[in-house]
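Visitor: I have a model open and would like to go through it piece by piece. Can we begin with the strands and work outwards?

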Amino acid sequence: IDRPMARLLARAGFHTLRLGLETAVRSKQEAYDHKVNLDEFVSAAGNLREAGFTPQTMGAYLLIGLPGQPMDSVVESIRLVKNQGIQPILAYYTPIPHTQLWPEAVEASRYDLEADPVFSNNAIFPCQPDSFSWERLSALKKTTRIAAGNYRPSLDPGRELLNYDSGLASTGPGSNANGRHGPFTAAYGI
C-alpha cells in the first residue's frame, strides 16, 4: 500500500483495514506463503497512518501455531505490529494438504495429520511441540489484547497465567501501580 493507495482508501471511506503480515520474523517469511514482507508492511503502516488511519482502525493478522514456531517469534511479531501503530490479531494456522507447508506440518505434528482430517483442526494446535501449553497461548492472547489496547480485566479469570511482560504502560482498570497489567511485567517488553 503506497501513499496514493492509502489516500484513496481513506477518501473512499474505508473504516477498517486488515493486513496479512503473518510473521515479522524475516527468516520465516520466505518459507510461508506470505502476503507482504516486513519492509512492505512498515511502509504500508506509515502510509496508512499518514492518510489518517489509526490503531483502532488497522489490524494485522499474525499466524500462530505454525510448524516449529517458537512462541518468542509470535511475541516479536506482536511487538513489531504494535510499534507500527497497528493492532495485532492472532490467526491460528491450519495445516492444509498439498500446500507448501504441508510436509513440514506432517513432520512437526503431535498427531497423524494424514490419517484423519480432524487432526488438522487449528483449535488443537496440531503443529506445536509437546511443550505447547494452553496457559502460554492464553498469555499470548492477553498480550495481544494489551498491545491492541483492548485489554479488559473482565475477559480474564483473574489468575496469573505466566510471568510475561507486555511492557505496555496504561492507567486504568487492571493496571498495577506501575501502569502495567498484572503478571505481564517482566520478560517481553512489548
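Visitor: Is β1 mostly buried or exposed?
Guide: In this predicted model, 5 of the 6 residues of β1 are buried, so the strand is largely enclosed by the rest of the structure.

Visitor: Which strand does β1 pair with, and over how many bridges?
Guide: The partner of β1 is β2, residues 58–64, and the two pair in the parallel sense over 4 bridges. Among the residue pairs, L17 has M58 of β2 as its bridge partner, and L19 stands opposite A60, also in β2.

Visitor: What does the sheet look like as a whole?
Guide: It is an open sheet of 3 strands in the order β1-β2-β3, with parallel pairing. The edge strands are β1 (17–22) and β3 (87–92), each of which pairs on one side only. From one strand to the next, the twist averages 30°.

Visitor: Which helix lies across β1 and β2?
Guide: That is helix α3, spanning residues 38–50, which runs at about 165° to β1.

Visitor: Back to β1 for a moment: which of its residues has a positive phi without being a glycine?
Guide: That residue is E22, which is found in strand β1 and has a positive phi of about 75° although it is not a glycine. E22 counts as buried, because its relative accessibility is 9% and the cut-off for buried is under 20%.

Visitor: Where else does a residue that is not a glycine have a positive phi?
Guide: F125 is another such case, with a positive phi of about 45°. F125 lies in the loop between α5 and α6 (134–147), and with a relative accessible area of 2% it is buried.

Visitor: And what about a glycine with positive phi, where is one?
Guide: G13 takes a positive phi of about 95°, and its position is just after α1. At the other end of that helix, D2 caps the N-terminal end of α1, with a side-chain oxygen 2.9 Å from the backbone nitrogen of M5.

Visitor: Changing topic, where does Y93 sit?
Guide: Y93 is placed in the loop between β3 and α5 (102–108), and it is buried, with a relative accessible area of 8%.

Visitor: What is Y93 in contact with, leaving aside its neighbours within four places in sequence?
Guide: Its contacts are L63, I64, G65, L66, P67, L101, A105, N122 and C127. In addition, the C-alpha atoms of Y93 and P126 are separated by 9.1 Å, these two residues being 33 apart along the chain.

Visitor: What about S73, is it buried or exposed?
Guide: S73 is buried, with a relative accessible area of 11%, and it is found in helix α4, which covers residues 71–83. A polar atom of the side chain of S73 lies 2.7 Å from the backbone oxygen of P70.

Visitor: Zooming out, how many helices and strands are there in the protein?
Guide: The protein has 6 helices and 3 strands, and from the N terminus on its elements run α-β-α-α-β-α-β-α-α.

Visitor: How much of the protein counts as buried, and how much area does it expose?
Guide: Of its 190 residues, 42% count as buried, while the exposed area is about 9900 Å², of which carbon and sulfur atoms supply 51%. As for contacts with a separation of 6 or more, residues 24 or more positions apart account for 57% of them.

Visitor: Before I use any of these coordinates, what is the mean pLDDT?
Guide: The mean pLDDT of the protein is 75, and 72% of its residues reach 70 or more. Among the elements, helix α1 (residues 3–11) has the highest mean pLDDT at 96, and helix α2 (residues 26–29) has the lowest at 54.

Visitor: Where does pLDDT stay under 50?
Guide: This is the case over residues 155–190, for which the model nevertheless has 83 contacts beyond four places in sequence. Where pLDDT is low, the predicted coordinates should not be read in detail.

Methods. Residues are numbered from 1 along each chain as its sequence is written. This is a predicted model: local features need pLDDT of at least 70, side-chain atom pairs count only at pLDDT 80 or more; totals for chains, interfaces and linings use all residues. Side-chain values use heavy atoms; hydrogens and water are left out. Buried means under 20% relative accessible area, exposed over 50%, partly exposed in between (1.4 Å probe, protein chains only). A polar contact is a pair of N or O atoms within 3.5 Å; within protein, one must be able to donate a hydrogen and the other to accept it, and residues adjacent in sequence count only if both atoms are side-chain atoms. Two strands pair if DSSP finds at least two bridges between them. Axes are lines fitted to C-alpha atoms, for helices over the stretch in contact, and angles run from 0 to 180 degrees between N-to-C directions. Contact means heavy atoms within 4.5 Å. Accessible areas come from the Shrake-Rupley method with a 1.4 Å probe; for residues, only the protein chains shown count as cover. pLDDT is the predictor's confidence in each residue, from 0 to 100.
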